[in-house]
Amino acid sequence: MKSLVNAFVFGAVLLLAGPVLRAEITCKTEEYRGSYAFYTAGSLLHLPPQGAVLEGPFAQSGTFTMDGLGGAIIESRASYNGLLQPANVVGTYTITPDCLVKFFTTLPFPLSVPTVFTGVLSGNMREEVLMIAEPAGTVIVGRHYKQAQRFCGNADFAGPFEVDLRGTYSAAAANPGMAVINGRLVSAGDGTFTAKLLFNYAGSIVSKDIAGTYDVNAKCFVTLTYADGGQQSTIFGALAGTGNVAMMMLSDQGAAISGTFKSQQ
């Protein structure tokens, strides 16, 4: 009986002390390193005169790579109101012990303006949400997921995936307005895939069965191509995790649409 009472008291003490015993969250510059696949979504609302033509819906996908010393390289593709451009820049970053991150870079031509991204790491530094804090005039949020693999190939993108893409088609597109692409994609792991997708074009729902090919390069960038209404469409992005997540964007002129592929397995 005495041992039972002692066990109860010990358990109660642990329960009460739980918050005290929990390890403090700490992040260090040298620990924040490696590559993160990401996508961004939002709008460029007010730009300098040299970039005014790019105002409107924005989407982007690619990778952030940190060196653990405060330096970063961003390799990506971006859609500025449906106009596709490479968006490769270098920058610097700082990180606080409570895992608040700031990136400092200059956006690529024709914007060419100093920019600050701010965000917070979560999931033991494996995930992150960033937004553009400077300059004013944008509403853009990016979601990052760390890559667990250093080298990739076609076999790393395999199996069934949930497709969740959303954004906007520009006024020049065939179906302008807000858009959502949802459904299931199955990759054979050999460079081919099939998919059953629902396209919501500004409230009009269209079901499509598609088949296409894909390529995953050594840096874990993945490109899918398929025929859509007689036109070739491309979805571009980067694998994250162990290939179980892909941060993607619809890489067609006129589209600013991005999101995720998540493995069902």
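1. Let us start with a word that comes up again and again: a residue is called buried when its relative accessible area is under 20%, exposed when it is over 50%, and partly exposed in between, using a 1.4 Å probe and protein chains only. By that rule, Ile73 is partly exposed, because its relative accessible area is 44%.

2. A friendly word on what you are looking at: this is a predicted model, in which local features need pLDDT of at least 70, side-chain atom pairs count only at pLDDT 80 or more, and totals for chains, interfaces and linings use all residues. Residues are numbered from 1 along each chain as its sequence is written, and side-chain values use heavy atoms, with hydrogens and water left out.

3. Now the whole chain. Its secondary structure comes to 1 helix and 17 strands; here helices (H or I, at least four residues) and strands (E, at least two) are DSSP runs, numbered from the N terminus. The C-alpha atoms fill a box of roughly 80 × 45 × 35 Å along the principal axes. Of the 265 residues, 46% count as buried.

4. Strand 3 (residues 71-80) is a good place to zoom in. This strand is mostly covered, with 7 of its 10 residues buried. Ile73 lies in strand 3, and, as noted above, Ile73 is partly exposed. A general point to keep in mind while you look: in a regular strand the side chains alternate between the two faces of the sheet.

5. Which strands pair with strand 3? Two strands pair if DSSP finds at least two bridges between them. Strand 2 (residues 56-67) runs antiparallel to strand 3, and 9 bridges join them. Strand 5 (residues 89-95) pairs with strand 3 in the antiparallel sense over 4 bridges, and strand 4 (residues 83-86) also pairs with strand 3 in the antiparallel sense over 4 bridges.

6. You can find these pairings residue by residue. Thr63 stands opposite Glu75, Ile74 stands opposite Val89 in strand 5, and Ala78 stands opposite Gln85 in strand 4.

7. Two hairpins are worth tracing with your finger. Strands 2 and 3 form one with 3 residues between them, and Gly68 in the turn has a positive phi of about 80°. Strands 3 and 4 form another with 2 residues between them, where Asn81 in the turn has a positive phi of about 55°.

8. Is Thr63 buried or exposed? Thr63, found in strand 2, is buried, because its relative accessible area is 3%. Contact means heavy atoms within 4.5 Å. Leaving aside neighbours within four places in sequence, Thr63 is in contact with residues including Tyr36, Ile73, Gln147 and Ala238. On the same basis, the contacts of Ile73 include Phe64, Val89 and Val90.

9. Finally, some backbone details in the loops. A cis peptide bond joins Glu134 and Pro135, with omega about 0°, and Pro135 lies in the loop between strand 8 (127-134) and strand 9 (138-146). Asn124 has a positive phi near 55° and sits in the loop between strand 7 (114-122) and strand 8; Asn124 is exposed, because its relative accessible area is 64%. Cys220 has a positive phi of about 75° although it is not a glycine, and its place is in the loop between strand 13 (204-216) and strand 14 (221-228). Cys220 is buried, with a relative accessible area of 2%.
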